[in-house]
Amino acid sequence: MEKTIQTTTELNNGVEIPYLGLGTWQARGSTCKEVVAFALTHGYSMIDTAQAYGNESRIGQGWKASGRKREDIFLTTKIRNSNQGYQSSQRSFQQSLENLQTDYVDLLLIHWPDIGDFDRTIETWQAMIEMQNEGLCRSIGLSNFTIPLIERLLEYAKVVPVVNQVEFHTFLYQKELLEFCREKDVQIEAYSPIARARYLENDTLQKITKKYDKTAAQIMLAWCVNHNIVVIPKSVHEGRIQENANIFFDLDDEDMRALDQLGPQRRLVTSLDQPPSW
Ligand code: NAP
């Protein structure tokens, strides 16, 4: 059955997550508030933010301005690295809730694993489990975790993360990670799903756009959705926000295969905390 903008997928704890959300990294000030309100009144139900983006208050203002009921939208935020650890993750999350003008989020993520001090990341996870039990977050998950790091967390964790939010797009098909996460019932959520618009002119992509009468950004997003991956494209332009929502169509097997093999593979996001092999 073809998906629509309303289609959700069930996470391993029974919570439903929409396939499409609005990314908000570098969305700032009143523009951020306005685009969040715009997206939520034009079919989007999910907003992705993070403590590190410095815009949680604007997201709070934006969803309020949209007039949508809190229970009808899905808010994600992330514990930033400097706030990891048992107490500081709990304390900082209270501030996030205040900024977001809500008493719970739908999804709380660890933004980056602390490679140098993984015990700190385990502590953060423990604090998140407790906050989930208290009803402060409906689901908890990870971001930027590799297979070995997920395995390491699962050695200690009593709760399996619902999501791993990672860079994922046609120029970075992380098939092994996708398959591993599927096996563990961890949903992949694609960030930078249009590769920050850097390769939209790619020949194969352009050829496929003509066949479906869609833009390259739409083809890249549809490729993710056809792989049952959640996407959170970011834009601060109303036209693009609408364009990025028109992605619920089937790509045929031949085009999926061609997009699976788009090269060369490129990773856009790295962290200084990560080892070179990241
Ligand atoms: P992206 O969504 O792949 O691309 C965003 C860029 O593409 C912006 O410069 C945007 O410009 C432009 N754009 C958007 N739609 C377009 C279209 N239809 N045609 C042409 N250009 C378009 O990259 P991203 O912002 O890195 O990733 C999306 C979201 O994922 C972030 O905003 C953030 O919420 C999340 N994220 C998470 C992590 C993490 O560590 N967990 C890391 C990176 C990102 P305009 O805004 O000017 O339209």
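Buried here means under 20% relative accessible area, exposed means over 50%, and partly exposed is anything in between. Keep that in mind for the close-ups below, which all come from a predicted model.

**View 1. A salt bridge between strands β4 and β5: Asp48 and Lys78.**
The side chains of Asp48 and Lys78 meet here in a salt bridge, with N and O 2.7 Å apart. Asp48 belongs to strand β4 and Lys78 to strand β5 (residues 74-79), so this pair links distant parts of the chain, 30 residues apart. Lys78 has a relative accessible area of 0%, so the residue counts as buried. Asp48 comes out at 3%, which makes Asp48 buried as well. Across the whole structure there are seven salt bridges.

**View 2. Arg70 and Asp106, a buried charged pair.**
Arg70 and Asp106 form a salt bridge whose closest N and O atoms are 3.0 Å apart. Arg70 sits in the loop between α2 (56-66) and β5, while Asp106 sits in the loop between α3 and β6, so the pair ties together parts that are 36 residues apart in sequence. Pull back a little to take in Arg138 too: Arg70, Asp106 and Arg138 are linked in a network of salt bridges.

**View 3. Helix α7 meets helix α10 through Lys211 and Asp255.**
In this one, a salt bridge brings together the side chains of Lys211 and Asp255, at 2.8 Å from N to O. The two ends are 44 residues apart, with Lys211 in helix α7 and Asp255 in helix α10 (residues 253-260). What about the two ends, buried or exposed? Lys211 is partly exposed, because its relative accessibility is 48%. Asp255, with a relative accessible area of 7%, is buried.

**View 4. Lys214, a buried lysine without a salt bridge.**
Move on to the loop between α7 (203-212) and α8 (216-226), and you'll find Lys214. The nearest side chain of opposite charge belongs to Asp213, and that is 7.5 Å away. For a salt bridge, a side-chain nitrogen of Lys or Arg has to be within 4 Å of a carboxyl oxygen of Asp or Glu. What Lys214 does have is a side-chain to side-chain polar contact with Asn246, at 3.1 Å. Not counting residues up to four places away in sequence, Lys214 touches Thr209, Ile219, Asn246 and Phe249.

**View 5. Helix α5 and its buried face.**
Focus on α5 (residues 147-156), where Ile147, Leu149, Ile150 and Leu153 are buried. Look at where these residues fall around the axis of α5: they stay within an arc of 160°, so they line one face of the helix. Pro148 and Glu155, on the other side of α5, are exposed. The cover over the buried residues includes α4 (118-133), β7 (140-143), β8 (163-167) and α6 (175-183).

**View 6. The open, parallel sheet and its β7-β8 pair.**
Eight strands make up this open sheet, paired in parallel and running in the order β3-β4-β5-β6-β7-β8-β9-β10. The edges are β3 (22-23) and β10 (230-231); each has a single partner strand, so one side of each goes without a neighbour in the sheet. Zoom in on β7 and β8, which pair in the parallel sense over two bridges. Ser143 has Gln165 of β8 as its bridge partner. As for cover, five of the five residues in β8 are buried.

**View 7. His42 in the loop between α1 and β4.**
The loop around His42 connects α1 (29-40) to β4 (46-48). His42 is partly exposed, because its relative accessible area is 35%. A polar atom of the His42 side chain lies 2.7 Å from the backbone oxygen of Phe38, and a 3.3 Å polar contact joins the side chains of His42 and Thr41. Beyond its neighbours within four places in sequence, His42 is in contact with Ile5 and Gln242.

**View 8. Gln101 and Ser192, non-glycine residues with positive phi.**
Gln101 has a phi of about 55° and lies in the loop between α3 (86-100) and β6 (107-110). With a relative accessibility of 37%, Gln101 is partly exposed. Ser192 has a phi of about 45° and belongs to the loop between β9 (187-191) and α7. At a relative accessible area of 11%, Ser192 is buried.

Conventions. Residues numbered from 1 in each chain as written. Predicted model: local features only at pLDDT ≥ 70, side-chain atom pairs only at ≥ 80, totals over all residues. Heavy atoms only, no water. Helix = DSSP H or I, 4+ residues; strand = E, 2+ residues; numbered from the N terminus. Buried < 20%, exposed > 50% of the residue type's maximum accessible area, 1.4 Å probe, protein only. Lys, Arg positive; Asp, Glu negative; His and termini not counted. Polar contact = N/O pair within 3.5 Å; in protein donor to acceptor, adjacent residues only side chain to side chain. Contact = heavy atoms within 4.5 Å. Arc of directions from axis to C-beta. Pairing = 2+ DSSP bridges.
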